[in-house]
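Q: Could you take a close look at one part of this model for me, the helix packing, and then show how it fits into the rest?
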Amino acid sequence: MNGGHDLGGMHGLGAINPESETDEPVFHHPWERRVFALTLATGFLGHWNIDQSRHARERQHPIDYLRNTYYENWLAGLQTLLIDSGLLTEAELKSGFCDKSFPNQEIVLTKKEVKAKLQEGKSVELPIATSPQFVIGQEVMVVNRHPIGHTRAPRYTRGRRGTVIHQHGGHIFPDDHAMGDQTGQHLYTVCFDAAELWGQDNADNEQVYVDLWESYLTSGRTKQ
Amino acid sequence: MQDDHDHDHAHDHDATEAPSEIELRVKALESLLVEKGLVDSAALDELVDTYEHHVGPQNGAHVVAKAWVDPVFREHLLANPGSAIASLGYSGRQGEHIRVLQNTDSVHNLVVCTLCSCYPWPLLGLPPQWYKSAPYRARAVSEPRKVLDEFGTHLGTDISIQVWDSTSEMRYLVLPQRPVNSDNVSEAELQQLVTRNSMIGVETLKVFSDTND
């Protein structure tokens with residue numbers, strides 16, 4: 001979706017003003033710690049995947065997304081996921097009172113399991129039978145498509161030409177994954193010249209590399 | 001909640017200050033989820049403790065310093081980063097698929113995630129605020145040299161800037177160039193010289209001087 005999260009190339013956002021590396025705390029407010037931990041812990045209940053989680057944040061009104069701080073967006077996403085998955089009701093969220101008539105059968109992450117679960121991670125590699133459509137060194141073009149659901153082809157790449165520099169094999173396809181389906185597609189890294197993305201005035205020996213799934217791409221020589 | 005929005009640099013409230021609206025809201029949500037039996041408070045504390053105190057850029061610095069002193073490891077790291085990094089004990093969530101980007105005299109790498117905040121957690125911990133900020137996400141891909149300038153990193157146009165937008169689950173770690181004049185420095189000391197920012201690519205490492213400034 002062309003949401004408030006798709007920021008590559010946006011103007012007017014100002015300077016970065018980084019905090020000093022040695023002084024910056026991991027969390028800036030106590031509540032951020034809890035939002036972070038609640039998001040991870042409830043994620044382990046297995047009701048949603050990482051793309052659904054991203055999509056829940058992206059689906060906010062773009063003004064909210066941009067105005068919110070980072071962990072405010074996490075909180076908004078978490079509330080959406082909890083309600084969409086039926087783990088909480090709107091009424092519970094609003095009142096703060098637990099409705100005991102909906103008992104849960106969830107297997108909850110325990111302190112003892114945290115270390116192992118984090119270490120285990122979750123591979124997104126998904127072997128697929130078809131061979132890759134594009135080869136290293138091939139010119140490709142990002143299809144100029146604007147899906148209303150979740151996608152990981154940034155707007156600034158659409159309709160642009162680049163060169164495949166790496167094949168990663170089959171990876172879970174995020175557009176489907178955000179709808180709860182686990183399908184695999186070949187994943188590639190595509191190199192774009194800055195001038196192709198941003199115009200000739202910005203051609204100062206810069207390249208942008210973007211990981212793109214096969215259905216985002218078409219052969220560079222074919223006009224859409 | 002609104003009052004946080006106007007700050008670029010959020011800071012912890014004084015203990016004497018009344019809790020903010022969002023603080024109360026998060027507290028209420030946590031209580032509700034605990035009461036529903038959906039989360040365990042001790043597990044939440046453990047998750048926070050892990051990323052606040054145990055997993056951080058020291059892990060990535062270990063990988064980088066070893067790559068500088070051990071050519072066999074370096075080769076392994078570049079050819080098969082996942083297995084090389086796991087051999088030092090780092091793996092897991094948000095680091096399942098890693099690629100290492102080597103800086104050279106003619107190539108400088110810079111990592112961003114324009115769509116969210118993807119970052120190699122097992123090696124660098126959680127990302128700093130600026131990495132997740134809208135200005136960095138917007139500008140790193142479209143004007144990387146200006147972005148680098150803002151970090152005090154001034155690179156001539158003879159050096160190619162390669163920006164990596166983390167759109168997939170591949171995670172990118174920059175292997176910075178070893179500081180000039182550090183040939184006789186031990187691996188343990190080198191590790192102390194590696195900054196987090198150099199492993200994201202917004203900084204290069206300065207010339208080593210054992211008198212230090």
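A: Let's start where α1(A) meets α4(A): the two helices cross in the left-handed sense. This is a predicted model, so read what follows as a description of the prediction. α1(A) covers residues 30-43, and α4(A) covers residues 70-84. Their axes sit 10 Å apart and make an angle of about 35 degrees. On the α1(A) side the contact uses Glu32(A), Val35(A), Phe36(A), Leu38(A), Thr39(A) and Thr42(A). Facing them from α4(A) are Tyr71(A), Trp74(A), Leu75(A), Leu78(A) and Leu82(A). Sorted by class, that gives eight nonpolar, two polar and one charged residues for the contact of α1(A) with α4(A).

Now stay with α4(A) and turn to another partner, α2(A). That helix runs over residues 50-58, and its axis comes within 8 Å of the α4(A) axis, with a crossing of roughly 115 degrees. α2(A) and α4(A) are therefore roughly perpendicular to each other. Here the crossing is right-handed. From α2(A), the residues involved are Gln52(A), Ser53(A), Ala56(A) and Arg57(A). They meet Asn73(A), Trp74(A), Ala76(A), Gly77(A), Thr80(A) and Leu81(A) of α4(A). The class count for the contact of α2(A) with α4(A) is four nonpolar, five polar and one charged. Trp74(A) is worth a click in the viewer: it takes part in the contact with α1(A) and also in the one with α2(A).

Back to α1(A), which has a partner in the other chain as well. Its axis and that of α3(B) come within 9 Å, crossing at roughly 110 degrees. So α1(A) and α3(B) count as roughly perpendicular, and their crossing is right-handed. α1(A) brings Arg33(A), Arg34(A), Phe36(A), Ala37(A), Leu38(A), Leu40(A) and Ala41(A) to this contact. α3(B) answers with Ala43(B), Leu44(B), Leu47(B) and Val48(B). The split for the contact of α1(A) with α3(B) is nine nonpolar, no polar and two charged. Phe36(A) and Leu38(A) turn up here and again in the contact with α4(A).

That takes us to the contact between the chains as a whole. It draws 73 residues from chain A and 72 residues from chain B. Several elements of chain B supply at least two residues each to the side that touches chain A, among them α2 (21-35), α3 (41-54), α9 and β3. By class, that side of chain B has 33 nonpolar, 20 polar and 19 charged residues.

The chains also share a sheet. It is open, has seven strands with mixed pairing, and reads β5(A)-β1(A)-β2(A)-β3(A)-β4(A)-β3(B)-β2(B). At its edges stand β5 (217-219) of chain A and β2 (107-112) of chain B; each has a single partner strand, so one side of each is left without a neighbour in the sheet. From one strand to the next, the twist averages 35 degrees. Packed on this sheet is helix α9 (residues 134-142) of chain B, touching β4 (206-213) of chain A along with β2 and β3 (160-165) of chain B. The direction of α9 makes about 150 degrees with that of β2(B).

Where do the two chains join in the sheet? β4(A) and β3(B) pair in the parallel sense, over five bridges. To find the register there, look for Gln207(A), whose bridge partner in β3(B) is Gln162(B). Within chain A, β1 (residues 139-142) and β2 (residues 161-172) run antiparallel and are joined by three bridges. Glu139(A) faces Thr163(A) of β2(A) in that pairing.

Finally, zoom out to the chains. Chain A has eight helices and five strands, following the pattern α-α-α-α-α-α-β-β-α-β-α-β-β along the sequence. Its C-alpha trace spans about 60 × 45 × 35 Å along the principal axes. The domain assignment splits chain A into domain 1 (30-120) and domain 2 (139-219), with 29 Å between their C-alpha centres. Between these domains of chain A, six residues of domain 1 contact five residues of domain 2. The domain 1 side of that contact has no nonpolar, three polar and three charged residues. In chain B, domain 1 takes 21-54 and domain 2 takes 56-200, and their C-alpha centres lie 31 Å apart.

Key
Residues are numbered from 1 along each chain as its sequence is written. Chains are lettered from A and ligands numbered from 1 in the order in which they are written. This is a predicted model: local features need pLDDT of at least 70, side-chain atom pairs count only at pLDDT 80 or more; totals for chains, interfaces and linings use all residues. Two strands pair if DSSP finds at least two bridges between them. Helices (H or I, at least four residues) and strands (E, at least two) are DSSP runs, numbered from the N terminus. Axes are lines fitted to C-alpha atoms, for helices over the stretch in contact, and angles run from 0 to 180 degrees between N-to-C directions. Two residues are in contact if their C-beta atoms, placed from the backbone, lie within 7 Å. Ala, Val, Leu, Ile, Met, Phe, Trp, Tyr, Cys and Pro count as nonpolar, Asp, Glu, Lys and Arg as charged, and the others, Gly among them, as polar. Domain bounds come from an automatic or database domain assignment. Angles under 35 degrees count as roughly parallel, over 145 as roughly antiparallel, 65 to 115 as roughly perpendicular and the rest as oblique. A crossing is left-handed if the near helix is turned anticlockwise from the far one by less than a right angle, and right-handed if clockwise.
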